[in-house]
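Welcome! Let us take a short walk through this structure together, one region at a time.

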Amino acid sequence: GQDGGVSSLIIKELLRKGEIDCVVGISRNEKWETELVLMTKPEDVDKIPGTKYTYDSVLQALKEPFAKYDKIAVVGVPCQAHGARLISENVNDKIVLILGLFCMESFYHDVMLDEIIPDIMKLKTEDIVKMNFTKGKFWCHTKDGQEHSVKIPDVAPHARHPCHHCCDYTAVSADISVGSVGTPDGWNSVFIRTDVGQKYFNIVKDALEIMETPA
C-alpha cells in the first residue's frame, strides 16, 4: 500500500467475508493515468494500491453498482466522501460504508503528467513507481530505487482550483478515515467516525496490526 496499506486490507477483508458486495475506487496504469474501477473480489483490490494524486470522481462509477448490488463501499478523498454521504442519506441507501482518504490537494491529469513530472521534478512519468506528500515535500520514487523531491510550495499552486478552497483534510463525512499523517513510516492513522465505521472495523481488526493512541 501507500503507507500501512490499511485501506486495501479493510476492503479486501470485507469482500472476503461477504460483508460488502463491491467497492468503487480508482486504479492507474504505468503512465499514472487513472481509471474508475469496480471491485467485487478480494484479488481485485491488488490492482489499486497506492495514492494517485490526479483526480477522478468515484461517484461517477456508482450507476452500475446501484443497479446490481445492495452493499456498496466507496473509497475516496474528502470531497468524494462528502458526496457519497449526501447520496447515501438522500438518494440511495445501498452505500453501506464510506472509506475516506486524507487529502491536501489533487491535480488534473495533464498538469501532473505534462507539467509537474517533466518540468518541476525533471523525471519521466513511466519511471515513477510511487508519489507521496510528506515532510513538507512532494516525493517521487523511481524504478532505480532513487527518491526525488521538491518543496510542496513548488507544486501546490498547480493543484486543482477547488482544492485551494477545501477545508476538509481528513474526510469528516466518511465512516472510517485513513491517512499517514501522525504515524511512523509504514503506518496509517485510522479515525473511526461513525457506528457503522466501528462495526466494519471490528469485523476486520484481527487482520490488522494496531497501535492504539490515547484520546
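Right after helix α1 comes G18, a residue with a positive phi near 75°. Keep in mind as you look around that this is a predicted model.

Let us stay with α1 for a moment. Is this helix enclosed by the rest of the structure, or open? It is largely enclosed, because eight of its eleven residues are buried. If you would like to find them in the view, the buried residues of α1 are V6, S7, S8, I10, I11, E13, L14 and L15. K12, by contrast, is partly exposed, because its relative accessibility of 27% is not under the 20% that counts as buried.

**The cores**

In soluble globular proteins, nonpolar side chains tend to be buried together. Here, the largest nonpolar core is made of 22 residues. Within this core, the residues with the most contacts are I10, I11, L14, I20, V23, L97 and L99. Which elements each supply at least two of the core residues? They are the helices α1 (6–16) and α6 (195–204), together with the strands β2 (34–39), β3 (72–76), β4 (95–101) and β8 (176–179). The largest share belongs to α1, which brings five residues.

L99 is a good place to pause and look at the surroundings. Setting aside neighbours within four places in sequence, L99 is in contact with S7, I10 and I11, with V74, V75 and G76, and with A174, I176 and V178. There is also a second, separate core, this one of 21 residues, and L113, M121, I128 and I152 are among them.

**Paired charges**

Side chains of opposite charge can pair when their charged atoms come close. How many salt bridges does a search of the whole structure find? The search finds six, and the table shows some of them.

| Acidic residue | Basic residue | N to O distance |
|---|---|---|
| D46 | K12 | 2.9 Å |
| D44 | K41 | 3.7 Å |
| D70 | K94 | 3.7 Å |

The D46 and K12 pair brings us back to α1. K12 sits in that helix, while D46 is in the loop between β2 and α2, so the salt bridge links distant parts of the chain, 34 residues apart. D46 is partly exposed, with a relative accessible area of 48%.

D44 also has its place in the loop between β2 and α2 (63–68). Is D44 buried or exposed? It counts as buried, because its relative accessibility is 9%, and buried means under 20%. Its salt-bridge partner K41 is partly exposed at 38% relative accessible area. Leaving out neighbours within four places in sequence, D44 is in contact with L38 and M39.

The pair of D70 and K94 is another link between distant parts of the chain, 24 residues apart. D70 is in the loop between α2 and β3, and K94 is in the loop between α3 (78–90) and β4. D70 counts as exposed, because its relative accessibility of 53% is over 50%.

**Two lysines with positive phi**

Next, look at two loop residues. K122 lies in the loop between α4 (109–120) and β5 (128–134). Its phi is near 60°, a positive value in a residue other than glycine. K122 counts as exposed, with 63% relative accessibility. K135 is in the loop between β5 and β6 (137–142). K135 is not a glycine, yet its phi is positive, about 55°. At 66% relative accessibility, K135 counts as exposed.

**A pocket to explore**

Rolling a probe the size of a water molecule over the atoms shows where empty space is left. The second largest pocket has a volume of about 630 Å³. Its lining has 23 residues, and those nearest its centre are N188, V190, E209, I210 and M211. Which elements each supply at least two residues of this lining? They are α1, β9 (189–192) and α6. Of the elements, β9 gives the most to the lining, with four residues. By type, the lining residues divide into twelve nonpolar, nine polar and two charged.

As you turn the model, α1 is a helpful landmark: it supplies residues of the largest nonpolar core and of the lining of the second largest pocket.

How values were computed:
Residues are numbered from 1 along each chain as its sequence is written. This is a predicted model: local features need pLDDT of at least 70, side-chain atom pairs count only at pLDDT 80 or more; totals for chains, interfaces and linings use all residues. Side-chain values use heavy atoms; hydrogens and water are left out. A nonpolar core is a set of buried Ala, Val, Leu, Ile, Met, Phe, Trp, Tyr and Cys residues joined through side-chain atoms within 4.5 Å. Buried means under 20% relative accessible area, exposed over 50%, partly exposed in between (1.4 Å probe, protein chains only). Contact means heavy atoms within 4.5 Å. A salt bridge is a side-chain nitrogen of Lys or Arg within 4 Å of a carboxyl oxygen of Asp or Glu. On a 1 Å grid over the protein atoms alone, a cavity is a set of points where a 1.4 Å probe fits but cannot get out, and a pocket is an open set with protein on both sides within 12 Å along at least five of seven lines; lining residues have an atom within 4 Å of a point. Grid points are joined across faces, edges and corners, and a volume is the space filled by probe spheres set on the points. Ala, Val, Leu, Ile, Met, Phe, Trp, Tyr, Cys and Pro count as nonpolar, Asp, Glu, Lys and Arg as charged, and the others, Gly among them, as polar.
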